[in-house]
Amino acid sequence: LLAMATFYFAIVGTNDSPLYEAEFGAQREENKYLQQFVVHAALDLVDDAQFMTNACYLKTVDRYNDWSVSAYVTPSNIRLMLLHEAKAEEAIKSFFTACHELYMKTLLNPFYQPNATIQSQAFDAKVHTLSKKYLL
């Protein structure tokens, strides 16, 4: 994808609170809260779209200016959300699938409470590695 593209990734719990957030690529400080707002606003669209298909990957569920919001919903209703500029459905789907697998491994940790904020530095490092592999 584009080397200077902007990505904002969030894992949203069943209670609509962010469990994990990360930014990749070229970031501008003035966009930080706007990106969070755009992704949060798309949650209702994700809730609607997930009942239209059996697939976890919902593709692009919303657009705002040059940004698109893609979503992936796990069977336990955890939403993986990605705000992005570039369009690369297969790369985004692969990123979501790998992040879902990483989240599943986190759930297996007996010290992790489901729906709690993910603060593991190892988790963060692995998500950034996946972003470099699939998105950047």
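**Exercise 1. Classify the three partners of a salt-bridge network.**

Task: Decide whether aspartate 16 is buried, partly exposed or exposed.

Solution. Aspartate 16 has a relative accessible area of 32%. Buried means under 20%, and exposed means over 50%. Aspartate 16 is therefore partly exposed. Keep in mind that this is a predicted model.

Task: Do the same for arginine 79 and aspartate 47.

Solution. Start with arginine 79. Its relative accessible area is 1%. That is under 20%, so arginine 79 is buried. Now take aspartate 47. Its value is 24%. Aspartate 47 is therefore partly exposed.

**Exercise 2. Trace the network.**

Task: Find which residues pair with arginine 79 in salt bridges, and where they sit in the chain.

Solution.
- Step 1. Recall the principle: side chains of opposite charge can pair when their charged atoms come close.
- Step 2. Look at aspartate 16. Its side chain meets that of arginine 79 in a salt bridge, 2.5 Å from N to O. This pair links distant parts of the chain, 63 residues apart. Aspartate 16 is in the loop between strand 1 (6–12) and strand 2 (18–25), while arginine 79 is in strand 5 (residues 79–84).
- Step 3. Look at aspartate 47. Its side chain also forms a salt bridge with arginine 79, at 3.0 Å from N to O. Here the partners are 32 residues apart, with aspartate 47 in helix 2 (residues 43–49) and arginine 79 in strand 5.
- Step 4. Find one more salt bridge. Glutamate 89 pairs with lysine 87, and the closest N and O atoms are 3.8 Å apart.
- Step 5. Join the bridges that share partners. Asp16, Asp47 and Arg79 form one network.
- Step 6. Check the total. The structure has four salt bridges by this rule.

**Exercise 3. Place glutamate 89.**

Task: Describe the setting of glutamate 89 and of its partner lysine 87.

Solution.
- Step 1. Find the element. Glutamate 89 is in helix 3.
- Step 2. Judge exposure. At 22% relative accessibility, glutamate 89 is partly exposed. Lysine 87 is exposed, at 61%.
- Step 3. List contacts. Beyond neighbours within four places in sequence, glutamate 89 is in contact with Tyr57, Lys59 and Thr60.
- Step 4. Compare sequence with space. Glutamate 89 and serine 70 are 19 residues apart in sequence, and their C-alpha atoms are 8.9 Å apart.

**Exercise 4. Examine helix 3.**

Task: Work out how far helix 3 reaches and what its buried residues pack against.

Solution.
- Step 1. Take the length. Helix 3 has 19 residues.
- Step 2. Compare the spans. From first C-alpha to last, helix 3 reaches 27 Å, close to the 27 Å expected at 1.5 Å a residue.
- Step 3. Pick out the buried residues. They are Ala91, Ile92, Phe95, Phe96, Ala98, Cys99, His100, Leu102, Tyr103 and Thr106.
- Step 4. Recall the geometry. An α-helix has 3.6 residues a turn, so residues three or four places apart point the same way.
- Step 5. Name the packing partners. The buried residues of helix 3 pack against strand 1, strand 2, strand 3, strand 4 (67–73), strand 5 and helix 4.

**Exercise 5. Explore the largest pocket.**

Task: Give the volume, the lining and the chemical make-up of the largest pocket.

Solution.
- Step 1. Read the volume. The largest pocket holds about 160 Å³ of space.
- Step 2. Name the lining. It consists of Leu102, Lys105, Thr106, Asn109, Tyr112, Thr117, Ile118, Gln119, Ser120, Ala122, Phe123 and Lys126.
- Step 3. Assign elements. Helix 3 (89–107) and helix 4 (121–134) each give two or more residues to this lining.
- Step 4. Sort by type. The lining has five nonpolar, five polar and two charged residues.

**Exercise 6. Compare two asparagines.**

Task: Locate asparagine 65 and asparagine 115, then state the phi and exposure of each.

Solution.
- Step 1. Asparagine 65 lies in the loop between strand 3 and strand 4. Its phi is positive, about 50 degrees, although it is not a glycine. At 68% relative accessibility, asparagine 65 is exposed.
- Step 2. Asparagine 115 lies in the loop between helix 3 and helix 4. Its phi is also positive, about 70 degrees, and it is not a glycine either. Its relative accessible area is 27%, so asparagine 115 is partly exposed.

Terms used:
Residues are numbered from 1 along each chain as its sequence is written. This is a predicted model: local features need pLDDT of at least 70, side-chain atom pairs count only at pLDDT 80 or more; totals for chains, interfaces and linings use all residues. Side-chain values use heavy atoms; hydrogens and water are left out. On a 1 Å grid over the protein atoms alone, a cavity is a set of points where a 1.4 Å probe fits but cannot get out, and a pocket is an open set with protein on both sides within 12 Å along at least five of seven lines; lining residues have an atom within 4 Å of a point. Grid points are joined across faces, edges and corners, and a volume is the space filled by probe spheres set on the points. Helices (H or I, at least four residues) and strands (E, at least two) are DSSP runs, numbered from the N terminus. Ala, Val, Leu, Ile, Met, Phe, Trp, Tyr, Cys and Pro count as nonpolar, Asp, Glu, Lys and Arg as charged, and the others, Gly among them, as polar. Buried means under 20% relative accessible area, exposed over 50%, partly exposed in between (1.4 Å probe, protein chains only). The expected span of a helix is 1.5 Å times one less than its number of residues. Contact means heavy atoms within 4.5 Å.
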